[in-house]
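Colleague: I should like to learn how such features are read from a model. Please take me through a few cases.

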Amino acid sequence: MTMAAQEEIASASVMDAEIASHVTAFARACKAATRTVALYPPEHPNVDAVLQTLVATAHRATATSALALAVRPDTLTVAGQSIARPDSAVSEFAALLHAHQVGQFIIHPQTDAELWRRFLALLALPADQARLRGGIGKLWASEGQTRIEVRSLDYRELLRGHIGGDRATWDAIVTGCLEGDAISFDDSMADLLFGILDDPARVNRLVEAVEARVADGGTGGPLVIAGLLRAVAQYVEKTEPGQLEAVMSAMAEAAGRLPVDALAPIVRTQRGGSRAELGRFVRDLVRRIKDGTIADLVACEVRGGRGTSPHLADAFCGLAPDVDRRSAILTLARQSLEKTGASADPAVRHALQQSEELLLAYSDQSFVSDDYNVEFQRLADRAVELDRDHTDPPVRITAWRKTVDDDEIRLLDAELLVDLMRLQNDPDRWRDLADLALNRVNVLLVVGDFNAAAFLVEALRAQAEQHADAGIRAAAGAVITDVLTPSMMRHVATHLDTADRGTVAAARRFCL
């Protein structure tokens, strides 16, 4: 390739100077406006000033057409082109959008100050709080405005294309799987993931891609894989519950083909306490992995000279905690090596003997005592038996389920918060609790739980009227005023298109 051709390709990936200046000016204005909207009340003159600057900047950037920005973790691009020398404001604004898992940000002509104020109020939310409320994409979509478009990252395209994917998309997947957020699955995405799991080469690339993008040295990579499998199971359970058993069995076989370095940490998850739900899913998955699959795993590691690796021992112990079962599996592994002729090699025979000695004697007693492990397994087995026990009448089971459904749990959470506010007499600490209560009301209105929201607001009203401390009474009144915003009432209105009298009554109680 000639030097001229190389320069032409390089220049094609650099944004036009005029577009770059518009993007930079917009990023600066938006960053400043976001900070100001978050710090000052809507009527403050500073808010109006920065919004007018932002409106003027957006009008210049969209004078001829809409401005479509692709979001990367540290920059913004237009039509695949990057800014030659990006301003720090561009990087910081891109990081803010990326933290909210925004993949594309489109500004159409004729935006106004009120529109930007409403959007920036959402953008100013902490990313974790926004995710609890469904993410900034969902929150903005509920506003019904189309002159500003927020598009979430497309997981399907990630899996359909190269396994590595772009950094922003993988960061979002890692966040979703490690923090337990929901991942949007459909039939085609589930099929794509199964296609990867059925191909050992693509499984290895998937594991490498995940581990390359997980923070802290890649230690969370196996949890991301487990989170993806759990997301598929949850999707199938919701859409085709009759197929769940077959899907779980298929995923168990696929999990048995994972690299041992990835499989061992996943297996360990079932005895960890930090993510109980994921641990239960992994335990359910592991018990479906067949002896033949485990034997093939051992045979493969022996042939590769890794028959005595700690990862294999740890995975093997978790997959087959029973010593008798281990012996049977190792016999199958020996037969597998004999069928392929690998056992004719003296080095392989010696490696198999060493592997058998280690795997039969290996114990995780340093982490889990024998007594605890036996009791833990007994309880796990008993839980399965109780699940199949139909001696309780349906009415009793239904009544019990109502005590642990989402509405009841949210109401219990609200009651706990109210109790803490009633017990707190220090004004500063009380304001911290009140801020938390206001955030909870925001979340509850998005999901349409008016009972819990009304309970919190009624408690704040009681504090404003009855608390012995004048400072707390004034603060409580201010918090109630903060609840009554146009945006919040729009969330209330979105749930009123219903014939459910209970929902309408609860909404009325909240408004009153």
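Modeller: The turns below treat a helix residue, a pair of strands and a second helix residue. This is a predicted model, in which local features need pLDDT of at least 70 and side-chain atom pairs count only at pLDDT 80 or more, whereas totals for chains, interfaces and linings use all residues. Residues are numbered from 1 along each chain as its sequence is written, and side-chain values use heavy atoms, with hydrogens and water left out.

Colleague: In which helix is arginine 118 found?

Modeller: Helices (H or I, at least four residues) and strands (E, at least two) are DSSP runs, numbered from the N terminus. Arginine 118 belongs to helix 5, residues 113–123.

Colleague: Is arginine 118 buried or exposed?

Modeller: Buried means under 20% relative accessible area, exposed over 50%, and partly exposed in between (1.4 Å probe, protein chains only). Arginine 118 has a relative accessible area of 13%, so it is buried.

Colleague: Which residues does arginine 118 touch?

Modeller: Contact means heavy atoms within 4.5 Å. Not counting residues up to four places away in sequence, arginine 118 touches Trp140, Glu143, Gln145 and Arg490.

Colleague: How many bridges join strand 1 to strand 3?

Modeller: Two strands pair if DSSP finds at least two bridges between them. Strand 1 (residues 67–71) and strand 3 are antiparallel and joined by four bridges. Leucine 67 stands opposite isoleucine 107 of strand 3. In strand 3 (residues 102–107), five of the six residues are buried.

Colleague: Why is valine 267 classed as buried?

Modeller: Valine 267 is buried because its relative accessible area is 1%. This valine 267 lies in helix 14, residues 260–268.
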